[in-house]
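Open the model in your viewer and keep the selection panel at hand. The tour goes stop by stop: select, look, move on.

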Amino acid sequence: YVTQILGRPSDPGVDIMSIVKGFGLPDSFSDEVMAQVAKIPLVVEPSEIGGRVDLRNQDTVTIDGEDAKDLDDAITLNKTAEGEYELGVHIADVSHYVKEGSLVDEEAKQRGTSVYFADRVIPMLPEALSNGCCSLNAGEEKLAFSCFMTLDRKGNLRGYRFQKSVICSKVRGVYDEVNQVLEGCAAERLKEKYQPVLASLQAGQELAQLLEAKGRRRGTMDFESSEARFFLDRNGTCVDILPRSQGLSEKMIEQFMILANHAAALYAKCLEIPFVYRVHEDPDPERLNTLQQLAAGLGLRARRIQEGVRSADLSDLLRQAEGTPAQNIINHQVLRTLAKARYDNKPLGHFGLNLDDYCHFTSPIRRYPDTAIHRILTGVAEGITVDRLQKKYQDFSREAAVLSSACELRAQRAERQAEKCYMAE
């Protein structure tokens with residue numbers, strides 16, 4: 001029987017709403033959840049600042065896309081006279097607002113992730129949280145969970161610590177604008193806007209290049225991006241598609257988030273506490289065999305593409321194909337060969353990044369695993385013993401990993417189906 005009429009098939013947006021309904025994505029919050037959100041203070045109270053590191057006078061900057069409204073991460077960076085880097089990655093303290101066992105928490109756990117379409121977002125958290133009190137908006141005092149890292153002049157991680165903090169971002173950075181500043185082609189108004197954080201951005205570019213080079217030497221796989229950017233008219237009809245490019249600032253923020261995620265996983269593993277890791281297991285031997293035959297048939301060196309392959313070997317294969325007629329098909333087949341990344345409560349390593357320890361710490365507004373590990377690390381910061389953390393969070397970490405993996409897969413399938421609709425349109 002008919003439960004809801006979405007509209008005519010030709011109406012703009014109806015195809016996307018049919019995908020939302022078809023995948024069972026929750027597109028609204030219950031009255032009970034919204035009533036609980038209404039009781040959450042949307043501004044930082046003085047009583048909430050006690051015990052936190054005060055970073056309100058630091059030259060903090062967020063860098064996101066122009067249309068982004070849920071700003072989870074901000075950075076500070078100082079380069080010392082000795083040439084070392086002091087990097088702070090400051091993440092929205094979502095777990096401070098989303099209390100364990102609350103209706104908001106249970107709803108976020110069941111959603112697992114925000115889902116992004118070209119014309120709408122289905123958020124994990126209600127807008128008052130995701131775009132309001134949790135979002136690290138410039139000029140506003142915000143509560144954060146900070147990862148402070150020290151790196152030597154070669155980009156090697158020498159130390160890290162995690163502390164609750166209060167920040168006030170000085171600049172709301174935009175990727176395209178920061179790229180112009182770093183490339184030296186910015187207009188005067190942009191130079192003036194970014195002047196308070198210019199030294200940090202320039203040092204950040206240096207450090208990001210060091211980290212990127214270290215990743216290449218480690219064997220991190222670098223795929224040619226195939227992501228598309230969809231442009232809709234005022235009626236919601238797709239009118240253009242362009243490849244999504246990655247500039248200097250996008251690469252810089254990506255490197256800093258990877259580093260903070262790695263540090264968080266190292267910290268948890270060292271403490272032997274329950275945790276939610278981001279894992280990427282070794283490729284399936286049968287698929288490796290298919291890739292090896294294809295690569296050899298295309299005239300590429302592929303002797304090492306067999307069981308026990310390292311990510312560096314696949315990186316070498318991608319580099320061989322780069323700029324040749326074989327590039328697209330090799331990129332595609334390598335992606336098909338790799339296992340799917342997922343969440344687990346055991347540190348099984350990340351094949352693609354060639355890291356033994358990795359997690360998702362940096363996006364708690366839009367991913368539940370990040371919120372989950374913030375909650376556990378908050379327990380560490382409050383001095384809860386490892387034994388008590390084990391009892392309290394062992395089952396929770398396992399459940400969060402399983403649920404979040406399933407929710408991520410559902411979101412990815414829905415987003416890909418929507419992209420096909422936009423492309424056809």
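What follows is a walk through strands, loops and surface patches of a predicted model.

**Stop 1: the β3/β4 hairpin**

Select residues 73-79, which make up strand β3. Is β3 mostly covered or mostly open? It is mostly covered, with five of its seven residues buried. Now add residues 85-92, strand β4. The two strands pair in the antiparallel sense, and seven bridges link them. For one register point, pick Thr76: its bridge partner in β4 is Gly88. Next, go to the turn. Five residues lie between the two strands of this hairpin. Among the turn residues is Gly83, with a positive phi of about 90°.

Colour by side chain if you like. In a regular strand, side chains alternate between the two faces of the sheet.

**Stop 2: just before β3**

Select Ala68, in the loop between β2 (61-64) and β3. Its relative accessible area is 26%, so Ala68 is partly exposed. Now select Val174 as well and draw a C-alpha to C-alpha distance. How far apart are Ala68 and Val174 in space? The distance is 9.1 Å, although 106 residues separate Ala68 and Val174 in sequence.

**Stop 3: β8 and its two partners**

Select residues 157-168, strand β8. Then add β1, residues 53-55. β1 and β8 run parallel and are joined by three bridges. Val53 is the residue to click in β1; opposite Val53, in β8, stands Ser165.

Now swap β1 for β7, residues 141-151. Which way do β7 and β8 run relative to each other? They run antiparallel, with eleven bridges between them. Click Glu141 and look across to β8: Cys168 stands opposite. β7 and β8 also form a hairpin, with five residues between the strands. In that turn, select Gly155, where phi is positive at about 85°.

**Stop 4: positive phi outside glycine**

Most residues other than glycine have a negative phi. Two loop residues are worth a look against that background.

Select Glu272 first. Its phi is near 60°, a positive value in a residue other than glycine. Glu272 sits in the loop between α10 (248-271) and β12 (277-279). Is Glu272 buried or exposed? Glu272 has a relative accessible area of 58%, so it counts as exposed.

Move to Asn354. Here phi is near 55°, again positive in a non-glycine residue. Asn354 lies in the loop between β13 (342-344) and α14 (368-381). Asn354 is partly exposed, because its relative accessible area is 36%.

**Stop 5: a negative patch**

Switch to a surface view. Select Asp282, Asp284, Glu286 and Glu307; these form a negative patch on the surface. Zoom in on Glu286, in helix α11 (residues 285-297). Why does Glu286 count as exposed? Its relative accessibility is 62%, and the cut-off for exposed is over 50%.

**Stop 6: a positive patch**

Keep the surface on. Select Lys340, Arg413, Arg416 and Lys420, which gather in a patch of positive charge. End on Lys420, found in helix α15 (residues 386-424). Lys420 has a relative accessible area of 55% and is therefore exposed.

Technical notes
Residues numbered from 1 in each chain as written. Predicted model: local features only at pLDDT ≥ 70, side-chain atom pairs only at ≥ 80, totals over all residues. Heavy atoms only, no water. Buried < 20%, exposed > 50% of the residue type's maximum accessible area, 1.4 Å probe, protein only. Helix = DSSP H or I, 4+ residues; strand = E, 2+ residues; numbered from the N terminus. Pairing = 2+ DSSP bridges. Patch = residues over 30% accessible without salt bridge, like charges linked within 9 Å, V, L, I, M, F, W, Y side chains within 5 Å. Areas by Shrake-Rupley, 256 points an atom, 1.4 Å probe, with all protein chains shown as cover. Salt bridge = Lys/Arg side-chain N within 4 Å of Asp/Glu carboxyl O. Lys, Arg positive; Asp, Glu negative; His and termini not counted. Charge placed at Lys NZ, Arg CZ, Asp CG, Glu CD.
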